[in-house]
Amino acid sequence: MAFIKNILDNMKPTFSEGGKLSAFGSLFDAMETFFYVPNETSKAYGAHIHDAIDSKRGIFFVIIAMIPAILFGMWNIGQLHYAAINEESSLVLNFLYGLGVMLPKIIVSYAVGLGIEIAIAQVKKEEVHEGFFVTGMLIPLIVPVNCPLWIMAIATAFATVFAKEVFGGTGMNIFNPALVTRAFLFFAYPAMMSGDKVWVNQNYMDSIVGPSADAYTMATPLGQLGAGEAVSYDAMDTIIGTIPGSIGETSFVAIMIGAVILIWAGIASWKIIVSTFVGGALLAYVCTPEVAGFEWWEHLTVGGFAFGAVFMATDPVTACRTECGKYIYGFFIGALAIIVRAFNPGYPEGMMMAILMGNLVAPLIDYCFVQSNINKRLNRAK
């Protein structure tokens with residue numbers, strides 16, 4: 001890798017202040033720090049965090065943890081497509097079809113979001129914030145398979161500007177940008193995000209891997225519940241993930257593999273993950289109506305519940321920081337998600353709204369615990 005370092009060192013003066021391409025200095029800095037940890041140290045006074053990795057490396061751990069869900073989601077897109085048109089397929093064919101559906105979404109997400117961040121960073125003469133590396137991958141995983149690319153681009157741009165940059169960029173936002181993207185889609189294009197049905201094909205793949213399935217839709221488990229119908233998928237389907245749904249949210253097993261990676265790496269808080277599932281399980285047991293063939297605990301394996309609990313509720317920027325507060329924060333999100341599902345049939349998902357509300361109350365929860373600790377110490381000092 002030394003030759004890459006030499007190339008970057010030789011290019012750096014051109015992009016530095018006074019160089020011919022100084023207008024693209026932020027873009028070069030983003031590329032340089034992608035390959036190598038910066039050797040600069042902070043010159044400002046204040047608190048400094050000492051850790052073995054910087055924020056970019058921590059973010060890459062999150063992307064690594066998402067890989068099982070990404071790969072399974074690609075395969076699932078293909079197998080649902082071919083099942084819908086009664087065509088035989090193979091593991092490779094399923095995956096290639098899903099890759100063709102997924103790849104354009106990833107490209108659009110990163111092109112729009114990173115393009116905006118790079119432009120803003122260059123205008124402000126700052127380094128490019130690395131937070132969108134995760135957001136850019138989360139967005140394609142939480143939108144329906146049939147979401148048009150132009151709609152996703154608009155929603156991504158809205159979230160990048162109004163949920164992130166207006167607050168000061170990475171580390172300053174109060175709401176999870178990926179969830180703001182989904183919320184924008186939900187309220188601006190509700191027919192695309194209602195959750196009652198999902199398409200199982202994309203037209204532009206027909207010429208590559210098979211015939212069209214335009215006329216076919218498959219109801220999600222939550223869509224069936226919201227419509228008051230019996231769920232047609234058994235428990236094993238919901239755990240493995242061979243069900244319709246947003247690309248990265250169907251496989252409970254793949255998501256749990258990612259959870260283990262995040263907890264092992266120290267990136268995500270196990271307290272938030274566990275308390276979210278506890279809150280969801282308790283409310284599902286108490287509040288959800290009995291449906292033939294669908295148990296209360298299956299609420300934790302369908303929809304975006306597991307994916308949200310592992311990859312979004314644990315966002316260190318928007319989640320609670322205090323250790324005790326993390327328990328309440330997670331429980332609040334899990335419980336609220338099930339409450340929405342149980343009492344609002346028109347919105348069968350619930351996890352998106354629950355996490356956004358959790359982001360809203362997280363500072364208050366932290367404040368209460370910090371003040372409580374201050375008061376305890378003051379009382380001891382008397």
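This passage describes the overall make-up of a predicted model, followed by its aromatic pairs, salt bridges, cysteines and a nonpolar surface patch.

In the predicted model, the protein chain is built from 16 helices and 2 strands. Of the 382 residues in the protein chain, 49% are buried. When contacts in the protein chain between residues at least 6 apart in sequence are considered, 71% of them join residues that are at least 24 apart. The area that the protein chain exposes comes to about 18400 Å², and carbon and sulfur atoms supply 68% of this area.

Aromatic side chains were examined next, and the structure was found to hold 13 aromatic pairs. One of these is formed by Tyr82 and Tyr97, whose rings are arranged edge-to-face, with 5.8 Å from centre to centre and 65° between the planes. This pair links distant parts of the chain, since Tyr82 belongs to helix 3 (residues 55–84) and Tyr97 to helix 4 (residues 91–124), with their positions 15 residues apart in the numbering. Tyr82 has a relative accessible area of 3% and is therefore buried, and Tyr97, with a relative accessible area of 0%, is likewise buried. A second aromatic pair consists of Phe158 and Phe162, for which the geometry is tilted, the centres being 5.1 Å apart and the planes meeting at 35°. Both of these phenylalanines lie in helix 6 (residues 149–162), where they are 4 residues apart, or about one turn of the helix. Phe158 counts as partly exposed because its relative accessibility is 31%, a value between the limits for buried and exposed residues. Together with Phe184, the residues Phe158 and Phe162 form one aromatic cluster.

A search of the whole structure for salt bridges returned 5. In one of them, Glu249 is joined to Arg182, and the closest N and O atoms are 3.9 Å apart. The two partners come from distant parts of the chain, with Glu249 in the loop between helix 11 (235–240) and helix 12 (252–265) and Arg182 in helix 7 (residues 177–188), 67 residues apart. Both Glu249 and Arg182 are buried. Another salt bridge brings together the side chains of Lys271 and Glu323, with an N to O distance of 2.8 Å. Here too, distant parts of the chain are linked, as Lys271 lies in helix 13 and Glu323 in helix 15, 52 residues apart. The partners fall into separate accessibility classes: Lys271 counts as buried because its relative accessibility is 15%, whereas Glu323, at 41%, counts as partly exposed. A further salt bridge connects Glu349 with Arg341, whose closest N and O atoms are 3.2 Å apart. With a relative accessible area of 10%, Glu349 is buried, and Arg341, at 8% relative accessibility, also counts as buried. Through salt bridges that share partners, Lys271, Glu323 and Lys326 are joined into one network.

With regard to cysteines, a search of the whole structure found 0 disulfides. Cys368 takes part in no disulfide, and the nearest cysteine sulfur, which belongs to Cys320, is 9.8 Å away; a disulfide would require the two sulfur atoms to be within 2.5 Å. Cys368 is partly exposed, with a relative accessible area of 44%. Cys287 is also partly exposed, and its relative accessible area is 25%.

On the surface, a nonpolar patch of about 1100 Å² is made by Ile263, Trp270, Val274, Val278, Leu282, Tyr285, Val286, Trp296, Trp297, Tyr327, Ile328 and Phe331. Two elements, helix 13 (270–287) and helix 15 (323–343), give two or more residues to this nonpolar patch. The largest share is that of helix 13, from which 6 residues of the patch come. Trp296, by contrast, is located in the loop between helix 13 and helix 14 (305–312). Its relative accessible area is 32%, so Trp296 is partly exposed; this value meets the requirement that patch residues have over 30% relative accessible area. Helix 13 and helix 15, which contribute to the patch, are also the elements that hold Lys271 and Glu323, respectively.

Key:
Residues are numbered from 1 along each chain as its sequence is written. This is a predicted model: local features need pLDDT of at least 70, side-chain atom pairs count only at pLDDT 80 or more; totals for chains, interfaces and linings use all residues. Side-chain values use heavy atoms; hydrogens and water are left out. Patches are made of residues with over 30% relative accessible area and no salt bridge: like charges are joined within 9 Å, nonpolar side chains (Val, Leu, Ile, Met, Phe, Trp, Tyr) within 5 Å. Accessible areas come from the Shrake-Rupley method with a 1.4 Å probe; for residues, only the protein chains shown count as cover. A salt bridge is a side-chain nitrogen of Lys or Arg within 4 Å of a carboxyl oxygen of Asp or Glu. Buried means under 20% relative accessible area, exposed over 50%, partly exposed in between (1.4 Å probe, protein chains only). Contact means heavy atoms within 4.5 Å. Rings of Phe, Tyr and Trp (its six-membered ring) pair if their centres lie within 6.5 Å; planes under 30 degrees apart count as stacked, over 60 as edge-to-face and the rest as tilted.
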